[in-house]
Amino acid sequence: MNDSTMRAPTALRLGTRRSKLAMAQSGQIAEAVRELTGRPVELVEITTYGDTSREHLAQIGGTGVFVSALRDALLAGEIDFAVHSLKDLPTAQPGNLTLAAVPKRADARDALIARDGLTFEELPDGARVGTGSPRRMCQLNAWARSLGRRVTTVPIRGNIDTRIGYVEKGELDAVVLAAAGLTRIGRIDEATQLLSPDVVLPAPGQGALAIECAAVNADLAAQLAELDDPFTRVAVTAERSLLAALEAGCSAPVGALADLQVDEQAVTELHLRGVVGSTDGSTLVQMSTTAHVPASPDDVSTPLNMGRELAAEMLAKGAAGLMGERAL
């Protein structure tokens, strides 16, 4: 058979949201999958409810609003796999979908973009800081209180360009965004400060991507699994386990970050921090725990149990009293 009669491999269809950030991160994954499989990958743009709704995220349900349309397309066979920001993914994984890979995580921190190059500590009293996240609101308000000042947190929606535009036009003194997103669209240099997790814990799974496909597509899932980073998987499993346990009756803002001690390519220790608070920052429940992790990355029992146990301790220490609190 000569080359002209050989059939080209069929393209894999990658479902993605239409935002600049989603397209950038999906493009990076598409390139990795092309190299991995030798097959072309085409991006299929899908509009989600979270993209079209003008309501604030806390009102339309937060997690899941950017995901369900992509999952529907997967199950309908309209796309072969999807790329999500892991922090947008609900903690319960449906049986008919496979979380095939969690690639190496980018910077998990939040970033401040403020006028005149200011850091958070340099913002004036009463500064207007934009964020759509109750988690960020509660920690920013608490941080300002600890500095003997206050900030006015202003709920905002929109893509990264829109949010940064509020500062450029002078409508807000600052906005807070995920550092990973700014990096992926090439605008991290505009950050005036990267916020230490010691003062602002990120969202569970922040900075990580999730590659998902239909469970029936086992061959593709096995190929995509090559992109999985076991260290990232362990960390986000602990963070999402904490979130899932708190969500059992707590819709208050939740931040979490797991740090890994890696010794000769094996994870030896996992340090998990969590925070739940009232959006005005007057009440924060912050706790942490450390555990030894088994050498096998396939053993997820340790990070799962760590998350559940830390959540139980936080609920006992007062997080339960913050249940049902919603921003806005």
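Here are legends for a handful of close-ups of this predicted model.

**View 1. An open sheet of five strands, seen strand by strand.** Read across, the 5 strands come in the order β2-β1-β3-β10-β4, and their pairing is mixed. At the edges sit β2 (41-45) and β4 (97-101), each with a partner on one side only. From one strand to the next, the twist averages 35°. As a general reminder, strands of a sheet pair through backbone hydrogen bonds, either parallel or antiparallel.

**View 2. Zooming in on β1 and β3.** Strand β1 (residues 12-16) runs parallel to strand β3 (residues 81-85), and 2 bridges hold the pairing. To find the register, look for Leu-14, whose bridge partner in β3 is Phe-81.

**View 3. Helix α4 lying across the sheet strands.** Helix α4 (residues 68-75) lies across β1, β3, β4 and β10 (209-214). Its direction is about 165° to that of β3. There's a charged link here too: Arg-71 and Glu-212 form a salt bridge, with their closest N and O atoms 2.9 Å apart. Arg-71 belongs to helix α4 and Glu-212 to strand β10, so to speak two distant parts of the chain, 141 residues apart. For the model as a whole, the count comes to 18 salt bridges.

**View 4. Strand β6 and its parallel partners, β7 and β8.** Strand β6 (residues 127-130) pairs in the parallel sense with strand β7 (residues 151-154) over 4 bridges. Here Val-129 stands opposite Thr-153 of β7. Between these two strands the chain travels through helix α5 (residues 134-146), making a right-handed β-α-β crossover. Strand β6 also runs parallel to strand β8 (residues 174-178), this time joined by 2 bridges. Gly-130 marks the spot, with Val-175 as its bridge partner in β8.

**View 5. Where helices α9 and α10 cross.** The axes of helix α9 (residues 230-247) and helix α10 (residues 301-316) come within 7 Å and cross at roughly 35°. The crossing of α9 past α10 is right-handed. On the α9 side, the contact residues are Val-234, Thr-237, Ala-238, Ser-241, Leu-242, Ala-245 and Leu-246. From α10 come Pro-303, Leu-304, Gly-307, Arg-308, Leu-310, Ala-311, Met-314 and Leu-315. Sorted by character, the residues of this contact split into 11 nonpolar, 3 polar and 1 charged.

Key. Residues numbered from 1 in each chain as written. Predicted model: local features only at pLDDT ≥ 70, side-chain atom pairs only at ≥ 80, totals over all residues. Heavy atoms only, no water. Pairing = 2+ DSSP bridges. Right-handed = clockwise from strand over helix to strand, strands pointing away. Axes fitted to C-alpha atoms, helices over the stretch in contact; angles between N-to-C directions. Contact = heavy atoms within 4.5 Å. Left-handed = near helix turned anticlockwise from the far one by under 90°. Nonpolar A, V, L, I, M, F, W, Y, C, P; charged D, E, K, R; others polar. Salt bridge = Lys/Arg side-chain N within 4 Å of Asp/Glu carboxyl O.
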